[in-house]
Amino acid sequence: MEKLIETIVDAIQDKKGQNIVSLDLTGFDGAICSHFVVCNADSTTQVAAIAAGIEEKVLEELGQKVWRIEGQQNAFWIAMDYLDVVVHIFQTELRDYYKLEELWADAPIKKYEYEL
């Protein structure tokens, strides 16, 4: 699973996604998965590009297909389900509005900085 998260984060960074974090939900009863990866972008075009980049890189490097994708029609918020890991790609204003990380405020969080 660490390799999946790492590959997803790399793909997000390739497309210049912002404020990348992962939330560890393993300690929560009723959580739909073990990890969320969350990021945002300033345009719907970039949100869609990040989702496409993740799908391509995970398939290419790990041979794993995304189980389900929601939100591609308008690309304001795309959710990608890799069963144990769910990726949320928000347009910046929507991430600020929904505050997903605050809903899971007790979850251990890891922030990813760009490596130069």
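**Helix 2 and S22 in a predicted model**

Reader: Which residues of helix 2 are buried?
Author: This is a predicted model, and buried here means under 20% relative accessible area. In helix 2 that group consists of Q46, V47, I50, A51, G53, I54, K57 and V58. They cover an arc of only 165 degrees around the axis, so they lie on the same side of helix 2.

Reader: Which residues are exposed on the other side of helix 2?
Author: Exposed means over 50% relative accessible area. On the side of helix 2 away from the buried group, the exposed residues are T45, E56 and E60.

Reader: What covers the buried residues of helix 2?
Author: The cover includes a helix, namely helix 1 (2-14). It also includes strand 2 (35-41), strand 4 (77-81) and strand 5 (85-91).

Reader: What span should helix 2 have, and how far apart are its end C-alpha atoms?
Author: Helix 2 has 19 residues, 44-62, and the rise is taken as 1.5 Å a residue. The expected span is therefore 27 Å, and it agrees with the distance between the end C-alpha atoms, which is 27 Å.

Reader: Which residue follows helix 2, and what is its phi?
Author: The residue after helix 2 is G63. The phi of G63 is positive, near 65 degrees.

Reader: Is S22 buried or exposed?
Author: S22 is part of strand 1 (residues 18-24). Its relative accessibility is 5%, so S22 counts as buried.

Reader: With which side chain does the side chain of S22 make a polar contact?
Author: Not counting residues up to four places away in sequence, S22 touches I5, F36, V37, P108, I109, K110 and Y112. The polar contact between side chains, at 3.0 Å, is with Y112.

Key:
Residues are numbered from 1 along each chain as its sequence is written. This is a predicted model: local features need pLDDT of at least 70, side-chain atom pairs count only at pLDDT 80 or more; totals for chains, interfaces and linings use all residues. Side-chain values use heavy atoms; hydrogens and water are left out. Helices (H or I, at least four residues) and strands (E, at least two) are DSSP runs, numbered from the N terminus. The expected span of a helix is 1.5 Å times one less than its number of residues. Buried means under 20% relative accessible area, exposed over 50%, partly exposed in between (1.4 Å probe, protein chains only). The arc is that of the directions from the helix axis to the C-beta atoms. Contact means heavy atoms within 4.5 Å. A polar contact is a pair of N or O atoms within 3.5 Å; within protein, one must be able to donate a hydrogen and the other to accept it, and residues adjacent in sequence count only if both atoms are side-chain atoms.
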